[in-house]
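Open the model in your viewer and keep the sequence panel beside it. The tour goes from one selection to the next and says what is there.

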Amino acid sequence: MSARPIDPFGAEYAYVQVANDIERRITEGEITAKLPSERNFAEEYEVAYTTVRHAMAVLRERGIIVTAHGRGTFVTPRQP
């Protein structure tokens with residue numbers, strides 16, 4: 001599995017497309033613990049770094065990820 005292409009002219013904002021795809025990758029088990037850096041995601045999705053930062057904020061609001069300052073960003077453990 002890999003990143004799906006982002007359509008900069010699509011109906012959804014690019015940061016929402018990135019957030020949705022990262023959530024998909026987490027749900028499908030491709031990303032299970034620590035997420036790659038925001039800069040790596042920016043290169044992978046071929047978007048600006050700030051677009052990825054905004055997408056990460058969306059995922060934090062959704063409760064999908066948690067960021068520990070100085071440690072990184074991690075998938076939120078699922079409750080049984």
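A helix axis here is a line fitted to C-alpha atoms over the stretch in contact, and the angle between two axes is taken between their N-to-C directions, from 0 to 180 degrees. Keep in mind throughout that this is a predicted model.

**Whole chain**

Start with the chain in cartoon view. It holds three helices and two strands, and from the N terminus the order is α-α-α-β-β. The radius of gyration is 12 Å, close to the 12 Å that the globule rule gives for 80 residues, so the chain is as compact as a globular protein of that length. Along its principal axes, the C-alpha trace spans about 35 × 25 × 25 Å. Of the 80 residues, 35% are buried. Among contacts between residues at least 6 apart in sequence, 46% join residues at least 24 apart.

**Helices α1 and α3**

Next, select residues 14–27, which form α1, and residues 49–62, which form α3. How do the two axes cross? They come within 8 Å of each other and cross at roughly 55°. An angle from 35 up to 65 degrees is neither roughly parallel nor roughly perpendicular, so α1 is oblique to α3. The crossing of α1 and α3 is right-handed.

Now show the side chains where these helices meet. On the α1 side, select Ala14, Tyr15, Val18, Ala19, Asn20, Ile22 and Glu23. On the α3 side, select Thr51, His54, Ala55, Met56, Val58, Leu59 and Arg62. By class, the residues of this contact are nine nonpolar, three polar and two charged.

**Helices α1 and α2**

Keep α1 on screen and add α2, residues 38–45. The axes of α1 and α2 are 12 Å apart, at an angle of about 105°. That makes α1 roughly perpendicular to α2. From α1, the contact uses Val18, Asp21, Ile22 and Arg25; from α2, it uses Phe41, Glu44 and Tyr45. Four of the residues in the contact of α1 with α2 are nonpolar, none is polar and three are charged.

Val18 and Ile22 are worth colouring: they are listed in the contact with α3 and also in the contact with α2.

**Glu38**

Last, select Glu38, which lies in α2. Is Glu38 buried or exposed? Its relative accessible area is 17%, and the cut-off for buried is under 20%, so Glu38 is buried. Leaving aside residues up to four places away in sequence, Glu38 touches Tyr49, Val52, Arg53 and Met56. Of these, Met56 also appeared in the contact of α1 with α3.

Note on methods: Residues are numbered from 1 along each chain as its sequence is written. This is a predicted model: local features need pLDDT of at least 70, side-chain atom pairs count only at pLDDT 80 or more; totals for chains, interfaces and linings use all residues. Side-chain values use heavy atoms; hydrogens and water are left out. Helices (H or I, at least four residues) and strands (E, at least two) are DSSP runs, numbered from the N terminus. Angles under 35 degrees count as roughly parallel, over 145 as roughly antiparallel, 65 to 115 as roughly perpendicular and the rest as oblique. A crossing is left-handed if the near helix is turned anticlockwise from the far one by less than a right angle, and right-handed if clockwise. Contact means heavy atoms within 4.5 Å. Ala, Val, Leu, Ile, Met, Phe, Trp, Tyr, Cys and Pro count as nonpolar, Asp, Glu, Lys and Arg as charged, and the others, Gly among them, as polar. The radius of gyration is taken over C-alpha atoms; the globule rule is 2.2 Å times the number of residues to the power 0.38. Buried means under 20% relative accessible area, exposed over 50%, partly exposed in between (1.4 Å probe, protein chains only).
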